[in-house]
Amino acid sequence: MEVKLFIAGCILFCVAMFMKLIKKRFTGKVSQNLFKNVYSWVDTLWSALIIAAFLMFFFIQAFKIPTGSMRTTFLEGDHLFVNKFIYGFHVPFSDGKRVLAIKSVSRGDIIVFRCPPEALTLSEREAGIKKDYIKRCIAVAGDKVEIKDKRLFVNGIPLDESYVTFADPSVYQRFDLFNDEKEYQLAWEAGKFTAIPPNFIRDNFGPVIVPNDSYMVLGDNRDNSFDSRFWGPLHDKYIKGKALVIYWPLNRIRII
C-alpha cells in the first residue's frame, strides 16, 4: 500500500511540475482562477500522499482482520493500526535487518507479519503472492514449546491463556510420524507439517525448541488457526509490527 501511495504521489508531483511549465498559457481571468484551484489541489495531494507513504512505510500500517483465527480477540472485518517502529526500522535491501528498536518481541505480543513461504501453497509461491498474518507470540528463541491435549506448555510451565477460544471440544491424539525429537524438530523448522493432516498435531504438538532469531506464533482461536504449529517458526525478518489499536468499527474501538 505504501508503495502505491508513493508512486501516486510522484505522479501527482510530476503533474504539478508540468502545470507550472504551462501556467503562462492560461491568460484569461476565468482560466487563471481555474488553473490556480486545480494546481492547489494537485500540489496538496502529492504532498499528502508522499507523507502518508512515508508514515506507512516506517511508522503505522493499517490492517484488516481477514479471518476468524484470532477470535474473539479480533473479529473478521476489524480494522487495526499496527505500530511498525516499536521493534525497530527495517533497513531496505538488508533481508530484514532492523535498527533503533524500542523493544524486542515478547511473549504475549500480538504481531502482524509477512506470511513466510512455508505458509503459502505452491501455486501462491509461484505467483509471487504476499500475505500479511496476525497472530500472538507465545514463545521466543530458546523456548521449549509443547501442547498436550490443547494445553500449552512453555519451558515446562502450563500457560493460563484466558484469551484462547476452543471451538472444537474434540481432542485429537498425537500421531507420531517421526523417529525421535530431533527428526521432529528438523521437520517442524522446515515447515513440513503443512503436508501432515492437521488433526495429527493440532491438539498435541512438540516438544520443539524455537530457533535463533525466531518466534512461535499461534492464533487465539486455537482450533481454527493456521499458525506456527503447521508452517514452523516465524523468523524475525518477516515481522512488520505490533497491533496497536482497533479503529473500526466504532463500537469496537480500543487500544490493544
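A residue is taken as buried when its relative accessible area is under 20%. In this predicted model, buried residues account for 40% of the 256 residues in the chain, and both Tyr184 and Phe205 belong to the buried class. The chain holds 5 helices and 14 strands, and its accessible surface comes to about 14500 Å², with 62% of that area belonging to carbon and sulfur atoms. Among contacts between residues at least 6 apart in sequence, 62% join residues at least 24 apart.

The largest nonpolar core contains 18 residues, of which Ile138, Val145, Leu152, Phe193, Phe205 and Met216 touch the most other members. At least two residues of this core come from each of strand E6 (132-140), strand E7 (144-148), strand E8 (151-154), helix H4 (181-189), strand E10 (205-209) and strand E11 (214-218), and H4 gives the most, with 3 residues. Setting aside residues up to four places away in sequence, Met216 touches Arg136, Cys137, Ile138, Ala139, Val145, Trp188, Phe205, Val210, Ser228 and Arg229. Apart from the largest core lies another, of 17 residues, which includes Ile86, Cys137, Val140 and Val217.

Some of these strands also take part in an open sheet of 4 strands, arranged in the order E9-E8-E7-E10 with antiparallel pairing. Strand E9 (157-158) and E10 are the edge strands, each pairing on one side only. Within the sheet, E7 and E8 run antiparallel and are joined by 4 bridges; Ile147 has Leu152 in E8 as its bridge partner.

The structure holds 11 aromatic pairs. In one of them, the ring centres of Phe113 and Tyr133 are 6.0 Å apart and the planes stand at 80°, so this pair is edge-to-face. Phe113 lies in strand E5 (residues 110-114) and Tyr133 in strand E6, and the pair thereby links distant parts of the chain, 20 residues apart; both residues are buried. Tyr184 and Phe205 likewise form an edge-to-face pair, with 6.1 Å from centre to centre and 65° between the planes. Because Tyr184 lies in helix H4 and Phe205 in strand E10, this pair ties together parts that are 21 residues apart in sequence. Ring pairs further link Phe178, Tyr184, Trp188, Phe193 and Phe205 into a cluster.

Charged side chains are also found over aromatic rings. The charged end of Lys135 sits over the ring of Tyr133, at 5.7 Å from its centre, while Arg136 lies over the face of Tyr163, 3.7 Å from the ring centre.

Note on methods:
Residues are numbered from 1 along each chain as its sequence is written. This is a predicted model: local features need pLDDT of at least 70, side-chain atom pairs count only at pLDDT 80 or more; totals for chains, interfaces and linings use all residues. Side-chain values use heavy atoms; hydrogens and water are left out. A nonpolar core is a set of buried Ala, Val, Leu, Ile, Met, Phe, Trp, Tyr and Cys residues joined through side-chain atoms within 4.5 Å. Buried means under 20% relative accessible area, exposed over 50%, partly exposed in between (1.4 Å probe, protein chains only). Contact means heavy atoms within 4.5 Å. Accessible areas come from the Shrake-Rupley method with a 1.4 Å probe; for residues, only the protein chains shown count as cover. Two strands pair if DSSP finds at least two bridges between them. Rings of Phe, Tyr and Trp (its six-membered ring) pair if their centres lie within 6.5 Å; planes under 30 degrees apart count as stacked, over 60 as edge-to-face and the rest as tilted. A charge sits over a ring if NZ of Lys or CZ of Arg is within 6 Å of the ring centre and within 35 degrees of the ring normal.
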